[in-house]
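User: I'd like to go through the labels on this model and hear what backs each one up. Can you take me through it?

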Amino acid sequence: MIRRDGHAVEVTVRHEVLRIEPWGRDSPQVRSAPHRILDDVPGTLLAAKPTEADIAVTADTARITNGTW
């Protein structure tokens, strides 16, 4: 399953969740976890700030455009 979650895209396959979101200029942050992504768990990209991106999601694809990427 592919879905948009605010300014991110989440892909769920069985019990694994992959979340891709814009993070800083021209950069994505990618996180993975079983069952769900916990937003209050510290990560390595804490200094960067979330940014806006163009997100397009269909039934079987997703595209994130962040800056020049």
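User: What makes a residue count as touching Arg-19, and which ones do?

Analyst: Contact means heavy atoms within 4.5 Å. Leaving out residues up to four places away in sequence, Arg-19 touches Asp-5, Ala-8, Val-9, Glu-10, Gln-29, Val-30, Arg-31 and Ile-37. Before we go on: this is a predicted model, where local features need pLDDT of at least 70 and side-chain atom pairs count only at pLDDT 80 or more, while totals for chains, interfaces and linings use all residues. Numbering starts from 1 along each chain as its sequence is written, and side-chain values use heavy atoms, with hydrogens and water left out.

User: Why is Arg-19 called buried?

Analyst: Buried means under 20% relative accessible area, exposed means over 50%, and partly exposed is in between (1.4 Å probe, protein chains only). Arg-19 has 8%, so buried it is.

User: And what makes the Arg-19 and Asp-5 pair a salt bridge?

Analyst: The term asks for a side-chain nitrogen of Lys or Arg within 4 Å of a carboxyl oxygen of Asp or Glu. Here the N to O distance is 2.6 Å, so the pair qualifies. Arg-19 sits in strand β3 and Asp-5 in strand β1 (residues 2-5), so the bridge ties together parts that are 14 residues apart in sequence. Strands here are DSSP runs of E with at least two residues, numbered from the N terminus. β3 itself covers residues 16-22.

User: Is Asp-5 buried or partly exposed?

Analyst: Asp-5 comes out at 27% relative accessible area, so the label is partly exposed. Asp-5 also stands opposite Ala-8 in β2.

User: What about Arg-3: which residue does it bridge to, and how do you know?

Analyst: Arg-3 pairs with Glu-10, the closest N and O atoms being 3.1 Å apart. That falls within the 4 Å limit, so this is a salt bridge too. Glu-10 is also the bridge partner of Arg-3 in β2. Their exposure labels come from 34% for Arg-3, which is therefore partly exposed, and 9% for Glu-10, which is therefore buried.

User: Which pair links Glu-21 to another strand?

Analyst: Glu-21 and Arg-31 form a salt bridge at 3.0 Å between the closest N and O atoms. Glu-21 is in β3 and Arg-31 in β4, so parts ten residues apart in sequence are tied together. Glu-21 and Arg-31 are both buried. The structure holds six salt bridges, and Arg-3, Asp-5, Glu-10, Arg-19, Glu-21 and Arg-31 are linked in a network of them.

User: How do you know that β1 and β2 pair?

Analyst: Two strands pair if DSSP finds at least two bridges between them. β1 and β2 (residues 8-13) have four, so they make the cut, and they run antiparallel. They form a hairpin with two residues between them, and Gly-6 in the turn has a positive phi of about 65°.

User: What makes β1 and β4 edge strands?

Analyst: The open sheet has four strands in the order β1-β2-β3-β4, with antiparallel pairing. β1 and β4 each have a single partner strand, so one side of each is left without a neighbour in the sheet.

User: Last one: why is Ala-33 called buried, and what does it contact?

Analyst: Ala-33 has a relative accessible area of 15%, which is under 20%, so buried fits. Ala-33 is found in β4, residues 28-34. Setting aside neighbours within four places in sequence, Ala-33 is in contact with His-15, Glu-16 and Val-17.
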